[in-house]
Amino acid sequence: MREALSLAAEGAAIGEVPVGALLVRDGEIIGRGFNCPISRHDPSAHAEMVAIRMAAEQAQNYRLPGTTLYVTLEPCSMCAGLIVHARVQRVVFAASEPRAGAVVSRSQFFDQDYLNHRVLLEGGLLAEEAGEMLKAFFKARRG
């Protein structure tokens, strides 16, 4: 998660909302990313999306079983859907997202009966650090 926080800081340095993500398989980082929808002109360029795309390309497979996604903020609905489609085994997030979090805060997407893949979920790892980074970013942005 510390590496994900470092990636989040990279995003903040270029004016992006500070969210970072890593995808790990067998102890090896196979994907990494930070939020970059502004700089990439891509509304789907969330940290999770960037990390999963990188890993899928490296693996030459759109399915990523046996992986763990570490992300500094609770995933949104778009990213939660991607996580299921990619068959990510486990998600560990830092801070919850009370406005748009789709896995514990606003909804429990991974618990839906209609899904054909189950994701293990753990929240709160380094939540205070992630939350402080987000608060500082938005405070500075409001000026």
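**Exercise 1. Place C76 and decide whether C76 is buried or exposed.**

Solution. C76 sits in the loop between β3 (67–73) and α4 (77–85). Helices (H or I, at least four residues) and strands (E, at least two) are DSSP runs, numbered from the N terminus. The model is predicted: local features need pLDDT of at least 70, side-chain atom pairs count only at pLDDT 80 or more, and totals for chains, interfaces and linings use all residues. Residues are numbered from 1 along each chain as its sequence is written, and side-chain values use heavy atoms, with hydrogens and water left out.

Next, accessibility. The relative accessible area of C76 is 17%, so C76 is buried (under 20%; exposed is over 50%, partly exposed in between, with a 1.4 Å probe and protein chains only).

Last, contacts, meaning heavy atoms within 4.5 Å. Beyond four places in sequence, C76 meets H46, A100 and A102.

**Exercise 2. Find where H46 lies and what H46 touches.**

Solution. H46 is in the loop between α2 (37–40) and α3 (47–59). Its relative accessibility is 22%, so H46 is partly exposed. Setting aside residues up to four places away in sequence, H46 touches N35, C76, M78 and C79.

**Exercise 3. Show why H46, C76 and C79 gather at one spot.**

Solution. Start with the record. An unreviewed UniProt entry lists H46, C76 and C79 under "binding site"; such annotations may be inferred rather than shown by experiment. Now compare sequence and space. The three span 34 residues in sequence, yet no two of their C-alpha atoms are more than 9.3 Å apart, so they gather at one spot.
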